[in-house]
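Dear colleague,

I am passing on to you the structure that we talked about, and below it you will find what came out of going through it. Please read the notes with the structure open beside them.

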Amino acid sequence: KHKFWETQPVGQFKDIGDSSLPEGPIELPTPLSEVKQEPYNLPDQYEWITCDINSEDVCEEVYNLLAHNYVEDDENMFRFKYSKEFLRWALQPPGYFRSWHIGVRVKSTKKMVAFITGVPARIRVRDEVVHMAEINFLCVHKKLRTKRLAPVMIKEVTRRVHLENMWQAAYTAGVILPTPIATCQYWHRSLNPKKLIDVGFSRLGARMTMSRTIKLYKLPESTVTPGFRKMEIHDVPAVTRLIRTYLSRFVVAPDFDENDVEHWLLPKDDVIDSFLVESPETHEVTDFCSFYTLPSTILGHPSYSLLKAAYSFYNISTVTPLLQLMNDALIVAKQKDYDVFNALDVMQNETFLRELKFGPGDGKLHYYLYNYRIRHALKPSELGLVLL
Ligand code: MYA
Ligand code: JJ1
């Protein structure tokens, strides 16, 4: 059934429920000298390239490949449209490897037709911090699908990760593969309900009119929490302490240090937004919320072409109730003209989703680890990890 995945060190469907299998690495590392030194073979017309994402031309080629060929919803109405600035941010965290940014070109025309990336991350699983690759942006041009190019892409990125002496990876996908460590639900909070209904992202509820719907989703003009402000560079140490303590309660979560927090959480226009609550009395940082910007192309609509979406990233409440904090996040997202605020049911998100008028989407997101076995599937609330 899964001719490729059956050959890989991942949890296999046949092993589900087998409590005799230990948690942890499935295969032991091999000596680096035994890692294949040459790239895997591609069909003759194609060649590997290592992408310099800082090059404007290369970044634009990747951007165009993804804008036309990356992830769509199940009815092909929307397609993710990651911006160039977002891709640069996503692919260049502290300690990144250029060799993990892999493209495939047609030799004769130099056209880019496939892509896959890894970035390094320290991910804690229970009590162990594991050096992993986060794999993302796997994409094969629509005209080259079902030719078994994806397994070659995956084997090549695996080889290049091994060459850096790393042996585990984390990834997410909308499709079911062997074997998810958790399956999460997407939730959506309408900010611009009229446009969402016009473009087919959502529907008018039963016994609802457009004007009742607009009223239902109305938000205050400005945030309500005293001391709520944008995160700044001098906040990095305080935010790092806050997030490290918070993430320690989840079974799987990143092990962020100050450099990671500066990279992943410091605001960048139209890429990542972060806010915190600084106590007006003690000047302590007590709460934090963040979202990233990932618009989607609206396919084949006469009047709208872009859906502006914010995606919940990491949120931490110690003093401000999480519900109030996230309501403030919705208010700033509305001020910034997002059409919808999306979130997964990870971490403590279930405690605010229904109350803040999020509704379940038609999409699920499955989380996976490569070469690391987890005995039982986790609940979404046991996951402290959000991938882009
Ligand atoms: S998830 C986002 C994936 N991208 C998209 O959905 C964009 C639109 N779709 C496409 O571009 C293509 O359909 C793709 C497949 C490229 C997805 N993850 O070449 P094929 C398996 C893993 O004939 P195509 C993301 O970026 C499939 O089960 N495997 O198929 C995270 C089958 O294997 P098997 C997938 O449709 C990526 C084989 O590929 C996925 O032309 C994590 C068929 O290949 C998928 N999303 O191309 C990658 N979809 O026969 C794994 C299909 O066994 C990383 N397949 O069922 C693993 C860790 C590596 C590092 C390890 C370091 C130590
Ligand atoms: O965005 C998604 N679904 C939307 C649009 C559905 C359009 C028809 N298929 C949706 N809308 C309903 C919103 C409504 C608002 C008011 C309250 C009730 C709900 O459900 C879905 C997620 O739900 N997105 C996708 O399907 C995109 C792909 C998701 C998998 C991503 C894999 C990424 C891999 C990254 O590594």
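How do the residues of the shell around ligand 1 divide into nonpolar, polar and charged? Before the reply, please keep in mind that this is a predicted model. The shell around ligand 1 has 24 nonpolar, 7 polar and 4 charged residues.

The ligand 1 site is made up of 35 surrounding residues, and the closest of them are His2, Phe4, Leu138, Ala150 and Ala169. Three elements give two or more residues each to this shell, namely strand 5 (128–140), helix 3 (149–162) and strand 6 (168–173).

Ligand 2 has its own shell, in which 20 residues surround the ligand, with Gly174, Tyr186, Gly359, Gly361 and Gly363 as the closest. Here the elements that contribute two or more residues are strand 6, strand 7 and strand 17 (359–370), and the largest share, 5 residues, is that of strand 17. By class, the shell around ligand 2 consists of 7 nonpolar, 9 polar and 4 charged residues. At least three residues of this shell come from each of domain 1 (5–176) and domain 2 (183–382).

That brings me to the chain as a whole. The protein chain is divided into domain 1 (5–176) and domain 2 (183–382), and the centres of these two domains, taken over C-alpha atoms, are separated by 26 Å. Domain 1 puts 43 residues into the contact between them, while domain 2 puts in 36 residues. On the side of domain 1 that touches domain 2, two or more residues are given by each of strand 2, helix 2 (84–91), strand 4 (112–125), strand 5 and strand 6, with the largest share, 6 residues, coming from strand 6. That side of domain 1 has 25 nonpolar, 8 polar and 10 charged residues. If you follow strand 6 through the model, then, you will meet it in the shell around ligand 1, in the shell around ligand 2 and on the side of domain 1 that touches domain 2.

As for the overall dimensions, the protein chain has 8 helices and 17 strands, and along its principal axes the C-alpha trace spans about 60 × 50 × 45 Å. A compact globule with 388 residues would have a radius of gyration near 21 Å, and because the protein chain has 21 Å, the two agree. Buried residues make up 36% of the 388 residues. Among contacts with a separation of 6 or more, 74% are accounted for by residues 24 or more positions apart.

Two groups of strands deserve a look. One is an open sheet of 3 strands, which has the order 2-12-13 and antiparallel pairing; its edge strands, each pairing on one side only, are strand 2 (78–80) and strand 13 (306–307). Strand 12 (residues 296–298) runs antiparallel to strand 13 and is joined to it by 2 bridges, and within this pair threonine 297 has leucine 306 as its bridge partner.

The other group is built around strand 16 (residues 340–344). Why can this strand be called largely enclosed by the rest of the structure? The reason is that 4 of its 5 residues are buried. Strand 16 runs antiparallel to strand 7 (residues 182–190), to which 5 bridges join it, and in this pairing serine 190 stands opposite valine 340. With strand 14 (residues 309–312), by contrast, strand 16 runs parallel and is joined by 3 bridges, and tyrosine 311 has asparagine 342 of strand 16 as its bridge partner.

Finally, there is one residue that you may wish to find in the model, tyrosine 63, which lies in helix 1 (residues 56–69). Is tyrosine 63 buried or partly exposed? With 18 other C-beta atoms within 10 Å, tyrosine 63 is partly exposed, since a residue counts as buried only if 20 or more lie within that distance. When its neighbours within four places in sequence are left aside, tyrosine 63 is in contact with Lys84 and Leu87. The C-alpha atoms of tyrosine 63 and phenylalanine 86 are 9.8 Å apart, and the two residues are 23 residues apart along the chain.

With best wishes

Definitions and conventions. Residues are numbered from 1 along each chain as its sequence is written. Chains are lettered from A and ligands numbered from 1 in the order in which they are written. This is a predicted model: local features need pLDDT of at least 70, side-chain atom pairs count only at pLDDT 80 or more; totals for chains, interfaces and linings use all residues. Two strands pair if DSSP finds at least two bridges between them. A residue is near a molecule or strand if its C-beta atom, placed from the backbone, lies within 6 Å of it. Ala, Val, Leu, Ile, Met, Phe, Trp, Tyr, Cys and Pro count as nonpolar, Asp, Glu, Lys and Arg as charged, and the others, Gly among them, as polar. A residue is buried if 20 or more other C-beta atoms lie within 10 Å of its own, exposed if 12 or fewer, and partly exposed in between; C-beta atoms are placed from the backbone. Domain bounds come from an automatic or database domain assignment. Two residues are in contact if their C-beta atoms, placed from the backbone, lie within 7 Å. The radius of gyration is taken over C-alpha atoms; the globule rule is 2.2 Å times the number of residues to the power 0.38.
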